[in-house]
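Please work through the exercises below with the sequence and the model open side by side, and try each task before reading its solution.

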Amino acid sequence: MEKGVCIAVYQTGELILYGSTGVCRVTEIVAKKFSRTEPEKLYYVLTPLYSSGTITTPVDNGKVFTRPVISRDEAIALIDTIPTIHAEAYHNQNLQQLENHYKAELESHDCSDLLRLTMSTYQKKVEREKAKLKFGAVDRRYMERAENLLFGELAVALDIARDSVQTFIEDRLQMQLPKGAE
């Protein structure tokens, strides 16, 4: 390996968030050289937890966002904030502006933003259903993306199945209700 090659930040076996793919396990860190003229570089080999395939990405890839998965304590703290979040539906007739708004929330890769996005689009869905109006495809797509990313990370942080996250959240919030408020 040549001098100046980037050092891997993540270790084999570690769970990380990788862009819009979501939670991935670092299965290998390999040195590769794709041509004689290119210097050898380190690559992560990632296995997505909730989709098939593998991803090979340079260790020094600044193009795709990566970070460690949140801890159990951070996940619990996030869930505990739910009653204080004012989920306000975002409305815009211009589909490009609507999509840009949702993309900005997703691209922050912050669990709080994903939670707000999930809650606000769900609020919009409820409003549309009450008014007997169709829930838009853009709204639905981003609600599902945000929920998938959020629930995937919460499942890993809480060490539970992804399809148990909603029940976990409901049970946790139910425990916080004052007696008689149920």
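The exercises that follow concern a predicted model, and each task is followed by a worked solution.

**Exercise 1. The overall layout**

Task: Establish how many helices and strands the protein has, and in what order the elements run.

Solution: Begin by counting the elements, which gives five helices and five strands in the protein. Next, follow the chain from the N terminus, where the order reads β-β-β-β-β-α-α-α-α-α. For the overall dimensions, a box taken along the principal axes and filled by the C-alpha atoms of the protein is roughly 65 × 40 × 25 Å. Finally, consider burial and contacts: of the 182 residues, 36% count as buried, and among contacts between residues at least 6 apart in sequence, 57% join residues at least 24 apart.

**Exercise 2. How α1 meets α4**

Task: Describe the packing of helix α1 against helix α4 by angle, handedness and the residues involved.

Solution: As a starting point, two packed helices are described by the angle between their axes and the distance between the axes. The axes of α1, which covers residues 72–80, and α4, which covers residues 137–158, come within 8 Å and cross at roughly 130°. Because angles from 65 to 115 degrees count as roughly perpendicular and those over 145 as roughly antiparallel, α1 is oblique to α4. The crossing in which α1 passes α4 is left-handed. Turning to the side of α1, the residues in contact are R72, A75, I76, L78 and I79, and these meet L150, L154, A157 and L158 of α4. Sorted by class, this contact of α1 with α4 has eight nonpolar residues, no polar ones and one charged residue.

**Exercise 3. How α5 packs against α4 and α1**

Task: Work out how α5 is oriented towards α4, and then examine the contact of α5 with α1.

Solution: First take α4 and helix α5 (residues 165–176), whose axes are 10 Å apart and which pack at an angle of about 70°. Since 65 to 115 degrees is the range for roughly perpendicular, α4 and α5 are described as roughly perpendicular to each other. In this contact, F151, L154, A155 and L158 come from α4, while V165, Q166, F168 and I169 come from α5. The contact of α4 with α5 has seven nonpolar residues, one polar residue and no charged ones.

Now take α1 and α5, whose axes come within 10 Å and cross at roughly 65°, with α1 passing α5 in a right-handed crossing. From α1, the residues R72, I76, I79 and D80 meet F168, I169, R172, L173 and Q176 of α5. By class, the contact of α1 with α5 has five nonpolar, one polar and three charged residues.

**Exercise 4. The length and the end of α4**

Task: Compare the span of α4 with the expected value, and identify the residue that follows this helix.

Solution: α4 has 22 residues and reaches 31 Å from its first C-alpha to its last, which is close to the 32 Å expected at 1.5 Å a residue. Moving past the end of the helix, α4 is followed by D159, whose phi is positive, near 60°. As background for judging that value, most residues other than glycine have a negative phi.

**Exercise 5. Two loop residues with positive phi**

Task: For H109 and K132, find the phi value, the location and the state of burial.

Solution: H109 is not a glycine, yet has a positive phi of about 60°, and this residue is found in the loop between α2 (95–107) and α3. With a relative accessible area of 12%, H109 is buried. K132, likewise not a glycine, has a positive phi of about 55° and lies in the loop between α3 and α4. At 76% relative accessibility, however, K132 counts as exposed.

**Exercise 6. Surroundings of S120 and T81**

Task: Decide whether S120 and T81 are buried, partly exposed or exposed, and place each one in the structure.

Solution: S120 is found in helix α3, which covers residues 111–130, and is buried because its relative accessible area is 9%. Not counting residues up to four places away in sequence, S120 touches A87, E88 and A89. S120 and I160 are 40 residues apart in sequence, and their C-alpha atoms are 25 Å apart in space. T81, by comparison, sits in the loop between α1 and α2 and is partly exposed, with a relative accessible area of 30%. The C-alpha atoms of T81 and Y122, which are 41 residues apart along the chain, are separated by 17 Å.

Technical notes: Residues are numbered from 1 along each chain as its sequence is written. This is a predicted model: local features need pLDDT of at least 70, side-chain atom pairs count only at pLDDT 80 or more; totals for chains, interfaces and linings use all residues. Side-chain values use heavy atoms; hydrogens and water are left out. Axes are lines fitted to C-alpha atoms, for helices over the stretch in contact, and angles run from 0 to 180 degrees between N-to-C directions. Helices (H or I, at least four residues) and strands (E, at least two) are DSSP runs, numbered from the N terminus. Angles under 35 degrees count as roughly parallel, over 145 as roughly antiparallel, 65 to 115 as roughly perpendicular and the rest as oblique. A crossing is left-handed if the near helix is turned anticlockwise from the far one by less than a right angle, and right-handed if clockwise. Contact means heavy atoms within 4.5 Å. Ala, Val, Leu, Ile, Met, Phe, Trp, Tyr, Cys and Pro count as nonpolar, Asp, Glu, Lys and Arg as charged, and the others, Gly among them, as polar. The expected span of a helix is 1.5 Å times one less than its number of residues. Buried means under 20% relative accessible area, exposed over 50%, partly exposed in between (1.4 Å probe, protein chains only).
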